[in-house]
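Visitor: I have a structure to look at, and I want to know the reasons behind the words people use for it. Can you take me through it?

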Amino acid sequence: LVCLCGTAIICASLWFLLYYEGEISCIIRLLPLAPSVLIMTSIGYLFPLQAQFDSPVRIIVRNSVYLMAAHFNTGFLVLMINMIPAIILFFDTVLFLKTGVIWLVIGVALSTLANTYFSQKVFRKYINKENVERTA
């Protein structure tokens with residue numbers, strides 16, 4: 001449900017970006033961008049939290065919002081790494097078609113490696129060594 005809300009906001013942002021014309025079109029185009037970046041950055045922390053901790057969904061969503069607020073720079077960097085193919089597709093479709101196979105073979109692995117590195121860097125502060133040793 002959280003991902004669905006984030007996707008709806010991003011689709012609305014894209015719709016405004018592509019189709020709205022008028023005097024204040026620049027402001028209207030950028031208006032949905034801020035909430036969509038916040039939601040997508042928060043979703044970046046949602047799945048690692050869900051994998052690591054056994055808590056109700058409401059608490060996991062709340063904690064992902066807290067982590068997004070505390071570590072916004074890292075979350076935004078991970079979001080940009082994950083959005084590289086979409087950005088290339090949006091701005092240069094021919095380049096996306098030329099590099100799509102390379103991205104599938106190498107890019108997905110490199111972005112996953114980067115996501116894991118940054119996630120471990122963030123979660124290292126919040127996980128006790130005792131809890132990790134008990135679950136291992």
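Visitor: In which helix is Asn115 found?

Guide: Asn115 is found in helix α7, which covers residues 93-123. Keep in mind that this is a predicted model.

Visitor: What makes Asn115 count as buried or exposed?

Guide: Its relative accessibility is 17%. Buried means under 20%. So Asn115 counts as buried.

Visitor: Which residues does Asn115 touch, leaving aside its neighbours within four places in sequence?

Guide: Asn115 is in contact with Val78, Ile81 and Asn82.

Visitor: What makes the link between the side chains of Asn115 and Asn82 a polar contact?

Guide: The distance is 2.9 Å. The cut-off for a pair of N or O atoms is 3.5 Å. The value falls within that cut-off, so the two side chains make a polar contact.

Visitor: Where is Asn82, and is it buried or exposed, or in between?

Guide: Asn82 is in helix α5. Its relative accessibility is 39%. Partly exposed covers the range between 20% and 50%. Asn82 therefore counts as partly exposed.

Visitor: What else does Asn82 touch, beyond its neighbours within four places in sequence?

Guide: Asn82 is in contact with Ser111 as well as Asn115. As for Val108, its C-alpha is 8.7 Å from that of Asn82 in space, with their positions 26 residues apart in sequence.

Visitor: What makes Ser111 count as buried?

Guide: Ser111 lies in helix α7. Its relative accessibility is 11%. The limit for buried is under 20%, so Ser111 counts as buried. Leaving aside neighbours within four places in sequence, Ser111 is in contact with Ile81, Asn82 and Trp103.

Visitor: Why are α5 and α7 called roughly antiparallel?

Guide: Start with how such a pair is described. Two packed helices are described by the angle between their axes and the distance between the axes. The axes of α5 and α7 come within 10 Å and cross at roughly 170 degrees. That makes α5 roughly antiparallel to α7, because angles over 145 degrees count that way.

Visitor: Which residues meet where α5 faces α7?

Guide: From α5 come Thr74, Leu77, Val78, Ile81 and Asn82. They meet Trp103, Ser111, Ala114, Asn115, Phe118 and Val122 in α7.

Visitor: Why are α5 and α6 called oblique?

Guide: Helix α6 covers residues 84-91. The axes of α5 and α6 come within 4 Å and cross at roughly 55 degrees. Roughly parallel needs under 35 degrees, and roughly perpendicular needs 65 to 115. The angle fits neither class, so α5 and α6 are oblique to each other. Here Met80, Ile81 and Asn82 in α5 meet Ile84, Pro85 and Ile87 in α6.

Visitor: How do you know that the buried residues of α5 lie on the same side?

Guide: Helix α5 covers residues 72-82, and its buried residues are Gly75, Val78, Leu79 and Ile81. They cover an arc of only 160 degrees around the axis, which puts them on the same side of α5.

Visitor: How many aromatic pairs does a search of the whole structure find?

Guide: The search finds two. In one of them, Phe72 and Phe76 are stacked, with 5.9 Å centre to centre and 25 degrees between the planes.

Visitor: Why is the pair of Phe72 and Phe76 called stacked?

Guide: Two values decide. The centres must lie within 6.5 Å, and stacked planes are under 30 degrees apart. At 5.9 Å and 25 degrees, Phe72 and Phe76 meet both limits, so the pair is stacked. Both lie in helix α5, four residues apart, about one turn of the helix. Phe72 is partly exposed at 29% relative accessible area, and Phe76 is partly exposed at 32%.

Visitor: What makes the pair of Tyr117 and Phe118 edge-to-face?

Guide: Their ring centres are 5.2 Å apart and their planes are at 65 degrees. Edge-to-face needs over 60 degrees, so the pair earns that name. Tyr117 counts as partly exposed at 49% relative accessibility. Phe118 is buried, with a relative accessible area of 16%.

Visitor: What is the secondary structure of the chain as a whole?

Guide: It comes to eight helices and zero strands. Of the 136 residues, 23% count as buried.

Key: Residues numbered from 1 in each chain as written. Predicted model: local features only at pLDDT ≥ 70, side-chain atom pairs only at ≥ 80, totals over all residues. Heavy atoms only, no water. Buried < 20%, exposed > 50% of the residue type's maximum accessible area, 1.4 Å probe, protein only. Helix = DSSP H or I, 4+ residues; strand = E, 2+ residues; numbered from the N terminus. Arc of directions from axis to C-beta. Phe/Tyr/Trp six-rings, centres within 6.5 Å; stacked < 30°, edge-to-face > 60°. Contact = heavy atoms within 4.5 Å. Polar contact = N/O pair within 3.5 Å; in protein donor to acceptor, adjacent residues only side chain to side chain. Axes fitted to C-alpha atoms, helices over the stretch in contact; angles between N-to-C directions.
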